Amino acid sequence: MNQYVIRGGHPLFGEITVSGAKNAAVAIIPAALLVDGVVRIENVPEISDVTLFFSILEELGAKVRILNRHAVELDCRSIHSTRPSYELARRIRASYYLVGALLGRFGQATVAMPGGCNFGVRPIDLHVKGFRAMGAEVTEGGFIEAVARDGRLKGASIYMDQVSVGATMNVMMAAVLADGVTTIDNAAKEPHIVDLANFLNSMGADIKGAGTDTIKIRGVEKLTGGTYCIIPDQIEAGTYMAAVAATGGQLLIKNVIPKHMECISSKLQEMGVVVEEQDDALLVRRSAPLQRTNVKTMPYPGFPTDMQPQITVVLALAEGTSIVTEGVWDNRFKYVGELKRLGAQIQVDGRVAVVEGVSRLEGAPIQACDLRAGAALVIAGLAAQGTTTLGSVQYIERGYEDMVGKLRAVGADIELVDLPEPEKKEQSIG
Ligand code: EPZ
């Protein structure tokens, strides 16, 4: 319930090092449940979603040894439960990965049904379709309960009716220890899909084709331990690229895989931002006015939905009218109301936003409504003249490691302020 106080209008200069990918980490950590040995994971982002997963694993009986800020050792040989507590599991959407991992390893799982969220209905029918095809009986209600009919899942051919990151990863986890071969067609291709497959393969799994439309998983008898290093976070990197595009200045964004950034880099280049690729870094510079463009979000390698709010803020400051179309989620423009408080001119109709660029934004009190919306509002506050106070920043801390520290180090005037108790109460009611 803390706030960020941002005094905007300063260009950003310097270097930012990107942390490990959140959406890879929240899959790889539960995937350690599949491993009959000690798993050491490096480049783990220090974010609250990850901490929550450590608590869930510990509760199930795993040994979690924090080696340093970014490395952990997980030993899941002493798991005594396949039913994480409702209290912990309901707090994170990605707890659905516990179903695939526990079902794959122990033939059963009972996990609180992930709730809705701020950007539309989030069904898990494709996950369930995959588990059922592999011979699981699945019941859904307050909990999702899955049991492998013969104690062990069987390989199957599964066609994903829609490209789904979560269903692709969940079915992959369930399939690695199944009897026989599983094929996932129309699979998602995001960098974290490949990262999960690489992690599982490094533990002894046999997965081919991750990063293409078709993934083939040959079940093995067991996974043993090993060491794995998580990829850099594409969206965190993109967020800081958008920040420098909005404020002006020059940032060297380190620890990135430039290939993963192409969909974002090319949009910023269309807008007149200079993006220079180095081996594992991007130099991003904005010295000229921003130009309008259109953006449509799509599964990878398309423009990521998780960058839609951030790029919309940049377009809000560009010359001319831009169209942003959300191609993945039903309702991901909720933050636009807050952006308008800063002076942005945006009209939303369903999944389409028409953005009339303005020459400046003005600081105001605003609220984050989810992780990426929160990040976008930070960018808006950095670019705005005057002071912006941003509430509900706990959303941001779920997925961005030390955003305040990283931004301050490149010249941003942003601070985390602990709200006095009465204001905290008022905010949580709202
Ligand atoms: C992942 O969510 C990410 N979360 C999201 O990032 C991201 O927005 C999304 O992928 C798309 O890239 C994690 O990795 C933890 P999907 P996920 O299944 O897996 C429909 C962030 O900000 N669908 O790829 O839940 C669904 O409704 C978060 O970091 C079904 O119809 O997304 C959506 O329209 C937010 N049935 C589309 O597919 C299903 O069973 C894509 O969803 C599953 C999904």
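**The four-stranded sheet**

Start by selecting strands 2, 14, 16 and 15 of this predicted model: these four strands make an open sheet in the order 2-14-16-15, with mixed pairing. Colour the two outer strands next. Strand 2 (12-17) and strand 15 (274-277) are the edges, and each has a single partner strand, so one side of each is left without a neighbour in the sheet. As you look across the sheet, the twist averages 10 degrees from one strand to the next.

Now zoom in on the edge at strand 15. Its partner is strand 16 (residues 281-286); the two run antiparallel and are joined by four bridges. To find your bearings in this pair, show Glu276, which stands opposite Leu283 in strand 16.

With the sheet still on screen, add helix 8. This helix packs on the sheet and touches strand 2, strand 14 (249-254), strand 15 and strand 16. The direction of helix 8 makes about 170 degrees with that of strand 14.

**Helix 8 and its two helical neighbours**

Keep helix 8 (residues 234-247) selected and add helix 9 (residues 258-270). Their axes are 10 Å apart and the packing angle is about 15 degrees. At that angle, which is under the 35 degrees cut-off, helix 8 counts as roughly parallel to helix 9. The crossing of this pair is right-handed. To see the contact, show side chains on both helices: helix 8 brings Gln234, Ala237, Gly238, Met241, Ala242 and Ala245, while helix 9 brings His260, Met261, Cys263, Ile264, Ser265 and Leu268. Sorted by class, the residues of this contact are eight nonpolar, four polar and no charged.

Swap helix 9 for helix 12 (residues 371-383). Here the axes of helix 8 and helix 12 are 8 Å apart, at an angle of about 25 degrees. Helix 8 is therefore roughly parallel to helix 12, and the crossing is right-handed. On the helix 8 side, pick Ile235, Thr239, Ala242, Ala243, Ala246 and Thr247; they meet Arg372, Ala375, Ile379, Leu382 and Ala383 of helix 12. This contact holds eight nonpolar, two polar and one charged residues. Pause on Ala242: it appears in the contact with helix 9 and also in the one with helix 12.

**Strand 12 and its partners**

Next, select strand 12 (residues 215-218) and show its side chains. Which residues are on the covered face, and which on the uncovered one? Ile215 and Ile217 make up the covered face, with Lys216 and Arg218 on the uncovered one.

Add strand 10 (residues 181-185), which pairs with strand 12 in the antiparallel sense over four bridges. Within that pairing, Ile184 has Ile215 as its bridge partner. Then add strand 11 (residues 206-208), also antiparallel to strand 12, over three bridges. Asp206 stands opposite Arg218 here. Strands 11 and 12 form a hairpin with six residues between them, and Gly209 in the turn has a positive phi of about 90 degrees.

**Helix 5 and what covers it**

Move to helix 5 (residues 125-133) and highlight Leu126, His127, Val128, Gly130 and Phe131, which are buried. For the surroundings, switch on helix 4 (97-106), strand 7 (136-140), strand 8 (143-148), strand 9 (157-159) and helix 6 (165-175), which are among the elements covering those residues. Just past the end of helix 5, stop at Gly135, where phi is positive at about 95 degrees.

**A cis proline and a buried threonine**

Select Tyr300 and Pro301: the peptide bond between them is cis, with omega of about 10 degrees. Pro301 sits in the loop between strand 17 (295-296) and helix 10. Continue into helix 10 (residues 308-316) to reach Thr312. Thr312 counts as buried because its relative accessibility is 0%. Beyond its sequence neighbours up to four places away, Thr312 touches Val324, Tyr335, Ile346 and Val355.

**Last stop: two positive phi angles**

Finish with Ser392 and Asp402. Ser392, though not a glycine, has a positive phi of about 60 degrees; look for it in the loop between strand 22 (386-391) and helix 13 (394-399). Asp402 is likewise not a glycine and has a positive phi of about 45 degrees; find it in the loop between helix 13 and helix 14 (403-408). Are these residues buried or partly exposed? Ser392 is buried, at 11% relative accessible area, whereas Asp402 is partly exposed, at 43%.

Methods:
Residues are numbered from 1 along each chain as its sequence is written. This is a predicted model: local features need pLDDT of at least 70, side-chain atom pairs count only at pLDDT 80 or more; totals for chains, interfaces and linings use all residues. Side-chain values use heavy atoms; hydrogens and water are left out. Axes are lines fitted to C-alpha atoms, for helices over the stretch in contact, and angles run from 0 to 180 degrees between N-to-C directions. Angles under 35 degrees count as roughly parallel, over 145 as roughly antiparallel, 65 to 115 as roughly perpendicular and the rest as oblique. A crossing is left-handed if the near helix is turned anticlockwise from the far one by less than a right angle, and right-handed if clockwise. Contact means heavy atoms within 4.5 Å. Ala, Val, Leu, Ile, Met, Phe, Trp, Tyr, Cys and Pro count as nonpolar, Asp, Glu, Lys and Arg as charged, and the others, Gly among them, as polar. Buried means under 20% relative accessible area, exposed over 50%, partly exposed in between (1.4 Å probe, protein chains only). Two strands pair if DSSP finds at least two bridges between them.
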